[in-house]
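Student: I'd like a close look at a single part of this one, please. Set the scene chain by chain, then zoom in and stay there.

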Amino acid sequence: METVRGGIKPGHLVVSGVFGGICAGAALFSIIMVPIPGIPGGSGFWIPAGLYFALTLWFGFWGALAGHIGTFIGMGPFFGFTFQVWADGALGDFLAPLINLAIFRATRADPELKTGRDMGIWLISVIISTCLAAMWIHFVNYSFGTITFDLWKWGVIAYTIGDTLAVWIIGTLLLRSATKYIKTFPYYVKGLFS
Amino acid sequence: MANLPLPYAQFFQLVTAIYAAISVIAVLWNRSLEKSSRYYGFSRAFAIFMIVVTVFLVISYIAQATFMGWI
């Protein structure tokens, strides 16, 4: 009962909006779970990452957009960060799951993670994508003079570890338990947009 | 620090309660649908998604409450 690949529908935007709102609540309350002194927006265990990585493998671009909306709202207005810091963080949270999606599409891995190959690709691609996003985010912060180069290194390490752990735990749980159901949904995305 | 409409801990509790309520509604919605329904798969996945989010919000609350001395 899997859906065939169709065009972009208004429902895709609804998916982004609904899950973006859900991610916002999680973003708001995981941001200071493990604050990292000197690194704005740092969190040792970033719950929304596990959500939007799974959402992106289900809904492609629209899932990543949901993560972007959620972290943009959740990180932004409430914690006194400058616009540059939270816009940059939210952009990184948009790029990371898309990199992961690109790896999945390139390797033709299945997000149900039923085989050892799919699970291996998932575990490795999460590290690669979070590390690349971490380097991007902290490079922008470093360029704006928000952090020093010494903190850049620690920021990249902390972001990569924190996001990877959250995605491995929460993302794996979601993908293993819910992907088979999502695949029957008309707005399941097999490419990037549809 | 945070510029929230309620004190952080109370706002956290309120949002967690709302997420829990949405989880219950999602489960009830799924149970009301036939397996042949177009939305059965989505409602099932949505219920799982909301339950997972709510559980991790509760874990986050307990961790922060312990860390910040709310408990």
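Tutor: Sure, and let's start with the chain we won't be zooming in on. In chain B of this predicted model, residues 24 or more positions apart make up 50% of the contacts with a separation of 6 or more. Chain B has 2 helices and 0 strands, and its C-alpha trace spans about 50 × 20 × 15 Å along the principal axes. Its radius of gyration is 16 Å, where a compact globule of 71 residues would come out near 11 Å. As for burial, 31% of the 71 residues of chain B count as buried.

Now over to chain A, where our close-up lies. It has 6 helices and 0 strands, so to read it along the sequence is to read α-α-α-α-α-α. Here 53% of the 194 residues are buried, and residues 24 or more positions apart supply 72% of the contacts with a separation of 6 or more.

The part I'd pick is the pairing of α2(A) with α3(A). Take α2(A) to begin with: this helix covers residues 47-59 of chain A. From its first C-alpha to its last, α2(A) reaches 19 Å, close to the 18 Å expected for 13 residues at 1.5 Å each. All the way along, 13 of 13, its residues are buried, so α2(A) is largely enclosed by the rest of the structure. Just after the helix comes A:G60, with a positive phi of about 55°.

Next up is α3(A), residues 61-75. Its 15 residues should span 21 Å at 1.5 Å a residue, and because the end C-alpha atoms are indeed 21 Å apart, the two values agree. Burial tells a clear story here as well: 14 of the 15 residues of α3(A) are buried, so the rest of the structure largely encloses this helix.

How do the two helices meet? Packed helices get described by the angle between their axes and the distance between those axes. For α2(A) and α3(A), the angle is about 155° and the axes are 6 Å apart. Angles over 145 degrees count as roughly antiparallel, which means α2(A) gets that label relative to α3(A). On the α2(A) side, the contact is made by A:P48, A:Y52, A:L55, A:T56, A:W58 and A:F59. Facing them from α3(A) are A:W62, A:G63, A:A64, A:A66, A:G67, A:G70 and A:T71. Sort the residues of this contact by chemistry and you get 8 nonpolar, 5 polar and no charged.

Conventions. Residues numbered from 1 in each chain as written. Chains lettered and ligands numbered in written order. Predicted model: local features only at pLDDT ≥ 70, side-chain atom pairs only at ≥ 80, totals over all residues. Helix = DSSP H or I, 4+ residues; strand = E, 2+ residues; numbered from the N terminus. Expected span 1.5 Å × (residues − 1). Buried ≥ 20, exposed ≤ 12 C-beta atoms within 10 Å, placed from the backbone. Rg over C-alpha atoms; globule rule 2.2 N^0.38 Å. Contact = placed C-beta atoms within 7 Å. Axes fitted to C-alpha atoms, helices over the stretch in contact; angles between N-to-C directions. Parallel < 35°, antiparallel > 145°, perpendicular 65-115°, else oblique. Nonpolar A, V, L, I, M, F, W, Y, C, P; charged D, E, K, R; others polar.
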